[in-house]
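Reader: I would like to go through this model with you and ask, for each label you attach to a residue or an interface, what it rests on.

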Amino acid sequence: MIEIALPILIPFTLIIILIFIRSSVYAKWIGIAGSTVLFVVAVYLFFQVRKQDVLVLQMGGWEAPFGISLVLDYLSSLMLLTSGFLVFSISIFAYHFIGNKPKFSRFFIFFFALVMGVNGSFITGDVFNFYVWLEVMMLSSFVLITMGSKKEQLEGGIKYMSLNLIASLFFLAGLGLLYGKTGTLNMAHLAQILNNDQQSILMNTSAMLFFIALGIKAAIFPLFFWLPASYHTANITVTSLFAGILTKVGVYALIRFFTLFFVQDAYFWHNLLLISAGFTMVIGGMAASIQYDTRRILSYHIISQIGYMIMGLGIYTPLALAGAIFFIIHNMIAKTNTFLVAGIVSKLRGTFYLKDIGGLLKERPFIAVLFIIPAFALAGIPPLSGFFAKFILIKAGIEDRHYVITIIAVLTALLTLYSMIKIWNEAFLKKQPEKSIVDTDVKLRFAEVFPSVILALASILLGVLAAPFFDLTQEAARQLMDPDLYIKAVLSNM
Amino acid sequence: MNSIILQIASKYLRIIFLLFAFIALFRGHNQPGGGFIGGLLAALYIVYDSLAFTSDQIKQQLKVRPESYMGVGLLCVLLSFLPSIVTGAPLMQGAWLSVDSSVFGEIKLGTPLLFDLGVFIAVMGVTLMFLFTLSTKK
Amino acid sequence: MEILLSALTGLLYAGGVYLILRRSILKFIIGIIFLSNATNLLVFLSAGIIHGKPAFINEHEPDPNLLADPLPQALVLTAIVIGFGIVIFTLALKAKFFSATSTDDSDELINTDQ
């Protein structure tokens, strides 16, 4: 059963190798090869989960709930698969964007530390272990976001760091109280105890602390301010990695915690989640529409789209959860892709500021196509992936009579479409502003365009093959709604 | 700080610091102590040295980059997983080896010790790296 | 003992919150140290403390009821280690930021939001 730990062990090994290898050329190739292996492992694990439903590994032979369990169910294996795919494509993209600058020679060490943290938090079955992975992820993301040491990067880094530090303190406090009340931190054991507990309304203090901590990580409504203040400062490779993966770890944890063990007092929690989801969608979308920097538009968009995922969790029907999972995966792929295309555009024009860019449709029609696919996917145009994701969520909202949030979701889709069309108009359709001088012979390398191409293909495939994929997410939602499966698999000896 | 007393004293004190660090490391399995504490104690001797000399001098004296310490430490940690991987036992399960030596009696060597040693070296490396980053003036 | 430590936790939280609301970035970092120590104490206390009984099993006293719960101690130790790393990184970042901008005032951090 060792293979469950591979998504953690492989990046760990790669970090060690990369520490000793100082040449940035080798480092890049090792980075690409390593992330390919990781992706293959993720695919393999996914098929294993399809065969056996829930995979469990008890670390060190200490049976749950005493040891740390690694658990892989449908949701975590889907997340692992998607993040593996993103890591693979971003490592290729990094090849040229990191370039030969000596500042970036250590990029891949922290890249894989981040990946280790992300994978660890997807597969762990222990709340404290989750906290440790969260910290691993956070520490390496601090280094990555300030990599380059420009003034605004340091400033963005300080903002990013301060709120995330506070988030992890909230998490730790919630964890302490949870342990004090239940005497366990194994998620399955927690679920077993809390589901049979009549007085579990007392759990609301720790649930609230977790909600705030994970809310900051996931960038939901009143807690998202660190994200637009910092994401646009980092190198675009780093930003696309963060945009695709980091906030989704927060969402993943919210889904995991609030379906597995914080299921008491459902009325309060689901309403709270729905309210913050609504605000997150609208405010993120509206803030995006006044921006003129591509990265800022896209950053606010991350927030607005987090709202949809939380909405799925708040409605809390199997259909809604399936929709939320579908949406997370679609969003991870499409969002990363828009950032990658923004990186290509900035390489062509030397800026992210939309007013200084133009005329790309005539000059580079291929890049225009590459942009329009993820952009329309995000906006929800059929037959791309976003349409089905939003359709499922909205259908779930109507079925469960949550009309207000459904209307907000539909309106936010329009806002998204508006800002995507804005980028399209400004960067691709309108003529190049005359005052700016443009070097039209910038050559794009294969490794810069290829990741966008495969991500765009994935977006299309998710749309075309929406039905079988929807079955998968439904399977994941079924497992989430029925925690007994998870509990039995982990606590098999109790 | 350029104090001759500190500089001379540091020569002898470093032995005591290191000895103490290793004692903390080896007793760590069943008693208070362990890799992390040992590593901090070991780093303390270099901190002390950097008070007596300047940290640039120390850096040259060390010859090994702090990152390499981290690498070696992490490698030890990874190696301590190997026995459990090879034998097919659950990951990170301890494997023990008893050595009969005439001097100390029976000594039990196990992967937890290797793990602790890895933590020891890595913590030392991290502390040194931070120390050098913070104390180097541009 | 519990009451004393709870009061200390509260005090540390209060001091930490006060400090992170200050304008100076350095005071913010000190505030984070306060808060993280307060949180560590909270975790430590939440499992209950048993006076004079360390969480180490010895040969004479194998009864687990007489021992303190070792898990929160392990958790706190891990949390301290993580907090240590984070605080040092924060300080390094702050030092770098100070050398780039020579400001310690968080009111001047207005260039990246809008």
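Author: In this predicted model, T127(B) touches L40(B), A43(B) and F84(C), leaving aside residues up to four places away in sequence.

Reader: What makes these residues count as touching T127(B)?

Author: The word rests on a distance cut-off, since contact means heavy atoms within 4.5 Å; L40(B), A43(B) and F84(C) are listed as touching T127(B) by that rule. T127(B) itself lies in helix α5 of chain B.

Reader: Why is T127(B) called buried?

Author: The relative accessibility of T127(B) is 14%, and buried means under 20%, so T127(B) counts as buried.

Reader: How many residues are in contact between chain B and chain C, and what kind of atoms gives the buried area?

Author: Eight residues of chain B are in contact with eight residues of chain C. The area buried between chain B and chain C is about 790 Å², and carbon and sulfur atoms give 90% of that area. On the side of chain B that touches chain C, α2 (35–52) and α5 (111–135) each supply at least two residues, and α5(B) gives the largest share, three residues.

Reader: How many salt bridges and how many residue pairs in polar contact are there between chain B and chain C?

Author: The count of salt bridges between chain B and chain C is zero, and the count of residue pairs in polar contact, with both residues at pLDDT 80 or more, is also zero.

Reader: What is found between chain C and chain A, in terms of residues and buried area?

Author: That contact takes 35 residues from chain C and 38 residues from chain A. Chain C and chain A bury about 3,000 Å² between them, with 77% of it on carbon and sulfur atoms. F89(C), L93(C) and T112(C) supply 21% of the area that chain C buries against chain A, more than any other three residues. Between chain C and chain A the count of salt bridges is zero, while one residue pair in polar contact is found across the interface, both residues being at pLDDT 80 or more. The helices α1 (2–20), α2 (25–46) and α3 (70–101) of chain C each supply at least two residues of the side that touches chain A, and the largest share, 14 residues, comes from α3(C).

Reader: Why is L82(B) called partly exposed?

Author: L82(B) has 40% relative accessibility, and because partly exposed covers values between the 20% limit for buried and the 50% limit for exposed, L82(B) falls in that class. L82(B) is found in helix α4 of chain B and belongs to a nonpolar surface patch with I2(A), F20(A), V72(B), L75(B), L79(B), I85(B) and V86(B), which together have about 630 Å² of accessible area. Helix α4 (residues 66–87) of chain B gives the largest share of this patch, six residues.

Reader: How do you know that H189(A) makes a polar contact with T184(A), and is H189(A) buried or exposed?

Author: The side chains of H189(A) and T184(A) make their polar contact at 3.1 Å, and the rule asks for N or O atoms within 3.5 Å. H189(A), in helix α7 (residues 187–195) of chain A, is buried because its relative accessible area is 15%, where the cut-off is under 20%.

Reader: What can be said of T82(A), and is this residue buried or exposed?

Author: T82(A) is in helix α3 (residues 74–98) of chain A, and its relative accessible area of 5% makes it buried, as the limit is under 20%. T82(A) touches I329(A), M332(A) and I333(A), not counting residues up to four places away in sequence. T82(A) and V43(A) are 39 residues apart in sequence and 9.4 Å apart in space, C-alpha to C-alpha.

Reader: What is the sign of phi in A219(A) and in D265(A), and how is each residue classed by accessibility?

Author: Phi of A219(A) is near 60°, a positive value in a residue other than glycine, and D265(A), also not a glycine, has a positive phi of about 55°. A219(A) is found in the loop between α8 (204–218) and α9 (226–230) of chain A, and at 0% relative accessibility A219(A) counts as buried. D265(A) lies in the loop between α10 (236–260) and α11 (266–289) of chain A, and at 28% relative accessibility D265(A) counts as partly exposed.

Note on methods
Residues numbered from 1 in each chain as written. Chains lettered and ligands numbered in written order. Predicted model: local features only at pLDDT ≥ 70, side-chain atom pairs only at ≥ 80, totals over all residues. Heavy atoms only, no water. Helix = DSSP H or I, 4+ residues; strand = E, 2+ residues; numbered from the N terminus. Buried < 20%, exposed > 50% of the residue type's maximum accessible area, 1.4 Å probe, protein only. Polar contact = N/O pair within 3.5 Å; in protein donor to acceptor, adjacent residues only side chain to side chain. Patch = residues over 30% accessible without salt bridge, like charges linked within 9 Å, V, L, I, M, F, W, Y side chains within 5 Å. Areas by Shrake-Rupley, 256 points an atom, 1.4 Å probe, with all protein chains shown as cover. Salt bridge = Lys/Arg side-chain N within 4 Å of Asp/Glu carboxyl O. Buried area = accessible area lost by both parts, 1.4 Å probe.
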